[in-house]
Every structure is written in structure tokens, then in C-alpha cells.
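Visitor: Could you take me closely through one part of this model, the sheet and the helix that lies across it, and then show how helices and rings pack elsewhere? I would like the cut-off behind each term as you go.

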Amino acid sequence: MTKRVYINSVGSVSAQKTFENDSFLDEITVHYDTTISVISPNYKDYIPPAAARRMAKGIKMSTVSSKTALDEAGLENVDAIIVGTGLGCIDDSEKFISAIIDNKEQFLTPTRFIQSSHNSVSGQIALGIGCKGYNYSYVHSAASFESCLIDAMMQIQLEEAKNILVGGVDELVAHHVDTHRLIDHIKKTPVESSKLLTSKTAGCVMAEGAHFFVLSEKKQASTYAELIGVRTYNTLSKEQLAQTVTEFLREHELNSDAIDLVVLGYNGDVNFDAYYDLLTQDMFLNTAQAYYKHLSGEYDTASGFGFWLASKVARTNTLPAAARLNQITTATPRTILLYNQYRGEYHSLVLLRQC
Amino acid sequence: MTDLKLELKEKIIEQLNLEDVSITEIGDNDPLFGEGLGLDSIDALELIVMLDKDYGIKLADPKEGKKIFESVETMATYITSKKAN
């Protein structure tokens, strides 16, 4: 029999105060901007100053988030570390490349270079906890985090690993924001987060965050939910969406009526939110609906925030009012479906079940 | 020489990201490596590049670095002597 996969802990640093696991969006920070940064914990509480001084922001966020997840799972080490990121430590990459240009390819120092690769995060976490096991980074735009979930699920199901630290991280940096403004991928005018979906403007509110989880073969007291299935699709037309979701659910012997809560990656981009509308206005019209990018902002691994939200809902039987998309409630969100896409590409479906 | 030492302290703090250290906390003769500021081998590379980039001094023999980077005082003395030549 195939091994089950449990989400045994969570850790998150985001544009909301999520770095402490004992609360669940009790206080909502309302943002009014076109880009939003994370609410940072006091990094000195988690990272020795000597180590922190060379860490890029993405590594600091990930260190806190992964440490929170490991602590909650009661683990000091894991069999594997798998991290998804769209851009890696892009701030250091940009600074390193700028230094090459500014100094005419002379005087290059090692610190920025060390951290400028996409796999710096998984490497730094491994160094921090002394993990010599499988260490992998997935760089696959908005499906980076889900790619990690697929890998972790297979590793556990094939008994390659018992406990895996899985995460997603992306940081907000000036040059990346500038280029995305130029191509109109970021909103031109600020929007209040609670009014994101009614702004009816193009582009997203760009942000950053780090979300880590321990996936394990065994259920324990800290378990949030069971991870049932993950599927990614690089491209998917609107016409294909409903049938694709139906087939995904059928693979797990479910239909749309069996879904108690659907968690959607609406980001307020008037040109692409129609994908979500197709599900909320038809297949899941009578299902409890949640959204989260008005809380987290958009980035390649923002779906990690959705996964964090869904895990919390599964464990607490509570969907915070700020994340409710419709008026339908469910007392026991037993089966939760997450759907995300970015600009009509990199679609993902993730299925969780209470346990 | 005093100005140079002050400048070196500012550069060390900025380039090595010593966020929690102020200029007044670095004594002229405090060891930079080990017990003092606790710098490591990567910092040593950063300091070598700093000497080259900001003062035009190339370390011909990397072994020299151990003595030159002992403290801000030794760095300033070395830079001053190189400039005098």
C-alpha cells in the first residue's frame, strides 16, 4: 500500500504576521501599495548575528520559517530538504552582476557570489542543521513550490525518506520590481488589500515570503492534514480548466461535491482572474471559497501561503473572515482543494484532507 | 593616519555587513580575526579585494595577509607604507 503523506508542521514569514504558529491571522495587516514586504520577525531571535550578516533576506526568512516548522514537528534534522523558488536570492544575484559591470569584471568578492545561486536557501538550511541528505531546489516560476510537493510526495511514497522539509521562498528586490513595472505585471496604482478583487486593474501587487512544512510518513500530534495529491500544468486554457479539475478529482475518487473548501490564488489581475471565476461561478458555486493573495501579495511561491492557509484551516476547522471569498461556510472542511495559476500559466492543483 | 583608521573601520563595517558593530567598538589594536571581531576566511578575501580596489594595493604573497589584517592599526600602517613607496 502506498505510504500516506502528512503535513506535520508549518512555518511562515509573510506580509501578515504569520511567523508565530500560535495565532492564525488574528490580526490582519491591511496594505495599500503596489508592492508589499514581509512583516519580519526579529531575526536575531532565530539566527546568530555572525551568521546573519552574510544572509540575504530570502535566506533569513527561510531560516526562520524552516526552524519554526522543524521545531513544531519536533525534529532537529530531516532526510531531505526541497525548496522551491522563482528567483532565488535575486538581491545578491543583482548586486553581484552589478559589481561585475561597475568594476569592469575586477574586484569580485565571494559573499554575493556564494548567495547568488537559486539553491543557496536549501544549502544554507542544510548547513545550519547539518543535513547531509537529499538537497534539491526547484525553479519553475509559479509552480516551483508545487514541484517540491510532488518530489516530496514521491520520496515518501517510495520510502526514500521519512521526514522532508519542503518550502518555497521569494524575495522582493528593487531591480526585479522595476523590470516588472516596465512590462505592466505590477499594478500601476496602489490598491487596498481588502479591495484587491474589485480594483479591476491589470497586474498584481508584488510581494515576498517564505513558507516551510515538514512532510512525513507518520501522523503525529502536530499533524495538520494529509497531502492527497498535487498536479501542475505549464499551460491550460480556460476551456480546459473545468475538465482538468474534474479529472484530477476523479483520479482521487472524488467529485466537486466532495470538496468542502476551495482555496484560490486570485491576485486581482483583471486579465487573468477569470480562470478562478470559472470555478467559483460554476463548479464550486455552492462550495465554501477562500482566497489569500490580498493578504500575501503575489510572488512565484505565493501558493506556499495558500498551502499554509489550507493546512491551518484543516487543523483548526476555522477559516478566518479575511480569507473568505463567499458566504458559504463549512464546519468541518474535510477535503480542501487549492488551485493557483500566474498570468494564465503554471497552474497547480493540490488536494488536502483532514486527518 | 587617524583619518585612515577611521576610514578603514567604516569600510570594514560596511563591506563585511557588521550591522551590530559601531566604529567606536573597534579599537585600533583589536584583533580582527579570532577573538576580536571574529572575522573568517571569507572576510579575509573581502579585505584583500578592498585593499586592491580602494587603495590600489595588491597582495603579492597571501601569507602576508595574516600580519597585515591583524588589526586596523596594522592595516593602516601597511597602507601608509605602501603609499609612501
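**A helix pair and the sheet beside it**

Guide: In chain A, the axes of helix α8 (residues 238-251) and helix α9 (residues 274-283) come within 10 Å and cross at roughly 50 degrees, where axes are lines fitted to C-alpha atoms, for helices over the stretch in contact, and angles run from 0 to 180 degrees between N-to-C directions. That angle makes α8(A) oblique to α9(A), since angles under 35 degrees count as roughly parallel, over 145 as roughly antiparallel, 65 to 115 as roughly perpendicular and the rest as oblique. This is a predicted model, in which local features need pLDDT of at least 70 and side-chain atom pairs count only at pLDDT 80 or more, while totals for chains, interfaces and linings use all residues. Residues are numbered from 1 along each chain as its sequence is written, chains are lettered from A and ligands numbered from 1 in the order in which they are written, and side-chain values use heavy atoms, with hydrogens and water left out. Helices (H or I, at least four residues) and strands (E, at least two) are DSSP runs, numbered from the N terminus.

The crossing of α8(A) and α9(A) is right-handed; a crossing is left-handed if the near helix is turned anticlockwise from the far one by less than a right angle, and right-handed if clockwise. On the α8(A) side, the contact (heavy atoms within 4.5 Å) is made by Lys238(A), Leu241(A), Ala242(A), Val245(A) and Thr246(A), and α9(A) contributes Ala274(A), Tyr275(A), Leu278(A), Leu279(A) and Met283(A). By class, that contact has eight nonpolar, one polar and one charged residues, with Ala, Val, Leu, Ile, Met, Phe, Trp, Tyr, Cys and Pro counted as nonpolar, Asp, Glu, Lys and Arg as charged, and the others, Gly among them, as polar.

From here α9(A) leads to the sheet, for α9(A) lies across β9, β10, β11 and β12 (345-353) of chain A and runs at about 155 degrees to β11(A). The sheet is open, has 10 strands with mixed pairing, and follows the order β4-β3-β5-β7-β1-β8-β12-β11-β9-β10 in chain A. Its edge strands are β4 (134-138) and β10 (288-291) of chain A, each of which pairs on one side only, and the twist averages 20 degrees from one strand to the next. Two strands pair if DSSP finds at least two bridges between them. Under α9(A), strand β9 (residues 261-264) and strand β11 (residues 335-342) of chain A pair in the parallel sense over four bridges, and Leu264(A) stands opposite Tyr339(A) in β11(A). Strand β12(A) pairs with β8(A) in the antiparallel sense over eight bridges, where Thr232(A) stands opposite Ser348(A) in β12(A). Strand β8 (residues 225-235) of chain A also pairs with β1(A), again antiparallel, over two bridges, and here Ile7(A) stands opposite Ala225(A) in β8(A).

Away from the sheet, helix α2 (residues 57-73) and helix α5 (residues 120-129) of chain A pack at an angle of about 50 degrees with their axes 10 Å apart, and their crossing is right-handed. Among the residues in contact are Ile59(A) and Leu70(A) of α2(A) and Val121(A) and Ile125(A) of α5(A); the residues of this contact divide into five nonpolar, five polar and no charged.

Lastly, a search of the whole structure finds 11 aromatic pairs over all chains. In one of them the rings of Phe24(A) and Trp308(A) have their centres 5.6 Å apart and their planes at 75 degrees, so the pair is edge-to-face; rings of Phe, Tyr and Trp (its six-membered ring) pair if their centres lie within 6.5 Å, and planes under 30 degrees apart count as stacked, over 60 as edge-to-face and the rest as tilted.
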